[in-house]
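Open the model in your viewer and switch to a cartoon view. We will go from stop to stop, with a selection to make at each one.

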Amino acid sequence: ALLQYMLKVNPRDRNVIMAYNNIADALLRMEQYDKASYYLDKGEELARESGVESLYCYLWINRSDIFIIKGDLDTAEVLSDKALVAAMAYNNQEAEQAIYIAKGKLSLKKNAPQQAIIFFTKALSINTRTYPYYSIIGPLYYLGFAYYQTGEYKKAESALTLALNKATNTGILSEKLKALSTLSNIYEKEGRLKDALLVQHNYNTLKDSILDKEKMEATNQMEIKYRTAQKDKELIKKELLIEKKDRDLEHKNNLITAVILVSGILGISAVALYRNFKHKSKISTLKARIEGEELERSRIAMELHDGVGGMLAAIKMRVSANEELRGGEGEVLKLLNATSEEVRKTAHNLMPIAVQNFGLKEALTQFCQSIRESNQLEINLQCNSELDIKDASVKLSIYRIVQECIHNIIKHAHATTVNIQIFEQKGILHLLIEDNGIGFDSTRSFQGQGFINLEARVKSLQGIISIESARGAGTTINIELNLAFLR
């Protein structure tokens, strides 16, 4: 938006060129390299037209970074050399320092740590009053990495320690994890295991802090989306109210129009009432179907537990008492034990006793634990709600919703990790389920039996469900249930 304003005011201003460069720099950090190239092209074109050659160095060093990422190190080196010549020609120390850092990183990519040490030392010698990371912290980090590659551990330790102290004082986190990891490796190679353990602890603490921050940001983004939706609803309501007042004013001037309008409103109301009736009827049908399914599950579970389970127990007793039936190395007993355990698990899945005996929160915790123990999936449950729900059928439906999601993930997603978050917010119970599986194209319809069952259960609780996914990017399921309805 700022760039568009600057283009309108003075399209050839040098600040516009720097704006193109800064946008490209931001896109590079977001790994959007094609878009970054587009803005760099725009910047170079404007620099040529305006005759502002002093800014070429910034554009060329960013373009050099793109070629480094693409693996074309020779082209990257040519561009960085051109950028350095331009920076020195206009005595631009800030750009010169950034170029030395970039050339040092390029040398590390080319496995030339001695050359990299020279460049990072030059960057530190400039000592401009730029942003602390570029003037001190960054060069020291990379100098430490270069010394580490050459085996000069004392120098590496000195550079990394100085950089980490500066980073701690300024609160800058860029490259801090890599610096801590490298320092821990140095202490380990030198036999200073206590120091290595301490640095590794700091590394783990920082990593956990960053992960927590990322989770908090994700939660905040969800809240922002929710609030934006609520604001949009309020705006629509206000617009409808204004529109109604305008219609009322017209009605006073035209009685015939008023009669037609009233008739229309009555017709719309009738349609709305009819749709509401159909919706309630559909919800009732869904509830009845689900209750019927649960009764049938309960019956089958009881037959499995009391009937088949009892028969297996009797067979095990007979086999244990008879050596001929027992078989070599007790193979028959092992098969019987495995079969009994499978029957027990199936009966539990059909009718989870934990929901009735311990409550929904404990039942979900036990379910997740059983999934982990079976080595099917690494599943993390974060339940920030007490789930104080009295209605047994509602508790069971929520349990089934989570169970259905996890079974679908195991069956289709090929995921290794699932994160489940359950929390309350402004009268809404949120169930957020994320996996790192293969994902799918969510723009296409997905009407498998698993999704149909899941959607039916959510609708029976008058909730809403949304699914976001992309191929190779995992899947996120967001379910919202009105607590007033649940309780």
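Which strands does helix 16 (residues 360-373) lie across? Select the helix and look: helix 16 crosses strand 1 and strand 2 (417-425). Helix 16 runs at about 165° to strand 1. Keep in mind throughout that this is a predicted model.

**Stop 1: the second helix on the sheet**

Add residues 392-413. This is helix 17, which packs on the sheet. Helix 17 touches strand 1, strand 2, strand 3 and strand 5. The direction of helix 17 makes about 15° with that of strand 3.

**Stop 2: the sheet**

Now hide the helices. What remains here is an open sheet of five strands, in the order 1-2-3-5-4, with mixed pairing. Color 378-383 and 464-469: these are strand 1 and strand 4, the edge strands, and each pairs on one side only. On average, neighbouring strands of this sheet are turned by 10° against each other, direction ignored.

**Stop 3: strand 5 and its partners**

Select residues 428-435 and 475-482. These are strand 3 and strand 5, antiparallel and joined by eight bridges. Pick Leu 431 and its bridge partner in strand 5, Ile 479.

Then turn to strand 4. Strand 4 is also antiparallel to strand 5, with six bridges joining the two. Label Ile 467, whose bridge partner in strand 5 is Ile 477. Strand 4 and strand 5 form a hairpin, with five residues between them. Stop at Gly 472 in the turn, which has a positive phi of about 80°.

**Stop 4: the largest pocket**

Show the surface and move to the largest pocket, which holds about 1,500 Å³ of space. Which of its 40 lining residues are closest to the centre? Select Asp 25, Arg 29, Asp 65, Lys 105 and Tyr 134.

Next, color the elements that give two or more residues to this lining: helix 2 (14-29), helix 4 (56-70), helix 6 (93-109), helix 8 (132-150) and helix 10 (176-189). Helix 6 gives the most, with 11 residues. Color the lining by class and you get 22 nonpolar, nine polar and nine charged residues.

**Stop 5: a salt bridge**

Side chains of opposite charge can pair when their charged atoms come close. The structure holds 11 salt bridges. For one of them, show Asp 41 and Arg 63 as sticks: their side chains meet at 2.8 Å, N to O. The pair links distant parts of the chain, 22 residues apart. Asp 41 sits in helix 3 (residues 33-50), and Arg 63 in helix 4.

Methods. Residues numbered from 1 in each chain as written. Predicted model: local features only at pLDDT ≥ 70, side-chain atom pairs only at ≥ 80, totals over all residues. Heavy atoms only, no water. Pairing = 2+ DSSP bridges. Helix = DSSP H or I, 4+ residues; strand = E, 2+ residues; numbered from the N terminus. Axes fitted to C-alpha atoms, helices over the stretch in contact; angles between N-to-C directions. Contact = heavy atoms within 4.5 Å. 1 Å grid on protein atoms, 1.4 Å probe; cavity = no way out; pocket = protein on both sides within 12 Å on 5 of 7 lines; lining within 4 Å. Points joined across faces, edges and corners; volume = space filled by probe spheres on them. Nonpolar A, V, L, I, M, F, W, Y, C, P; charged D, E, K, R; others polar. Salt bridge = Lys/Arg side-chain N within 4 Å of Asp/Glu carboxyl O.
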